Amino acid sequence: MNITTIEDPVEYRVPGINQIQVDPVNDITFAKGLRSIVRQDPDVILVGEIRDYETAEISVNAALTGHLLLSTFHTNDAATAIPRLIEMGIDPFLLSSTLSLIISQRLVRRICLNCITSREYTYEELKSQISDPKRYFPESPVRLYTGNGCSNCNYTGYKGRISVYEMIYVDEKMKELIETYPTTDKIWKVAKEAGSKNFFEEGMQKVKQGLKTLDELLRIAPVNLVKK
């Protein structure tokens with residue numbers, strides 16, 4: 001399998017993969033590098049980041065011709081990627097034909113396993129942080145975890161990090177929606193019908209498992225930003 005990337009910078013050298021470094025001094029941009037890569041007809045293409053219309057256009061065209069193309073894109077959440085690409089000038093019909101999966105990621109601090117502790121909370125205690133705690137914690141009392149702080153975690157209560165994801169699969173219903181120039185809210189509505197979870201909902205599972213604190217989840221996914 002021929003895997004070719006264009007990155008800025010190439011952070012990890014991977015044996016067996018053709019990796020190209022963006023170099024503006026020598027006029028090697030994402031768009032020009034990607035155009036050259038497509039001519040070589042690789043099986044998989046990784047574009048480090050889509051920053052402009054030209055790169056987005058070539059990426060979509062490459063996906064149309066049967067290449068598996070992976071890339072990154074800066075947005076607040078997974079659903080916003082679709083309106084942003086359309087605003088950049090990508091035709092919704094082409095986008096619906098090529099887009100398969102959107103994954104959004106945020107990193108949160110993980111509770112230190114050396115000093116982890118827990119205590120029980122009532123719904124009344126949690127209402128200061130979550131307006132409807134019964135929605136996420138059907139059984140009372142609620143057991144939440146935290147780190148006491150020890151020499152292993154430099155007395156912070158946290159050791160390492162863990163990812164929280166949002167994933168939106170572009171099924172037939174989503175493809176039809178993309179062609180209507182949808183808003184982020186409409187995209188989330190259809191995505192949730194298909195089983196997608198937002199940062200808060202997915203992160204709450206890790207809170208219940210004792211992998212992170214509720215405070216840490218609220219830091220990256222405040223309640224007022226949660227899509228219902």
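**A parallel sheet and a covered helix**

Strand 1 (residues 3-7) and strand 3 (residues 44-47) run parallel, joined by 4 bridges. Keep in mind that this is a predicted model. Look along the pair and you find Ile6 of strand 1 opposite Val47 in strand 3. What holds such neighbours together? Strands of a sheet pair through backbone hydrogen bonds, and the pairing can be parallel or antiparallel.

Now widen the view. The two strands belong to an open sheet of 4 strands. Its order is 2-1-3-4, and the pairing is parallel. Strand 2 (18-21) and strand 4 (68-71) are the edge strands, so called because each pairs on one side only. On average, neighbouring strands of this sheet are turned by 15 degrees against each other, direction ignored.

Next, find helix 1 (residues 30-39). Helix 1 lies across strand 1, strand 2, strand 3 and strand 4. Against strand 1, helix 1 runs at about 170 degrees.

Move on to helix 9 (residues 199-208). Is this helix mostly covered or mostly open? Helix 9 is mostly covered, with 8 of its 10 residues buried. Among the buried ones are Phe199, Phe200, Met204 and Val207. Glu201, Glu202 and Lys206 are buried as well, and Gly203 is too. What covers them? The cover includes strand 5 (101-111), strand 7 (142-147) and strand 8 (158-169). It also includes helix 6 (133-136), helix 8 (184-193) and helix 10 (214-220).

Finally, check the two ends of helix 9. At the N-terminal end, Asn198 is the cap. A side-chain oxygen of Asn198 lies 3.1 Å from the backbone nitrogen of Phe200. After helix 9 comes Gly210, with a positive phi near 80 degrees.

Key. Residues are numbered from 1 along each chain as its sequence is written. This is a predicted model: local features need pLDDT of at least 70, side-chain atom pairs count only at pLDDT 80 or more; totals for chains, interfaces and linings use all residues. Side-chain values use heavy atoms; hydrogens and water are left out. Axes are lines fitted to C-alpha atoms, for helices over the stretch in contact, and angles run from 0 to 180 degrees between N-to-C directions. Contact means heavy atoms within 4.5 Å. Buried means under 20% relative accessible area, exposed over 50%, partly exposed in between (1.4 Å probe, protein chains only). A polar contact is a pair of N or O atoms within 3.5 Å; within protein, one must be able to donate a hydrogen and the other to accept it, and residues adjacent in sequence count only if both atoms are side-chain atoms.
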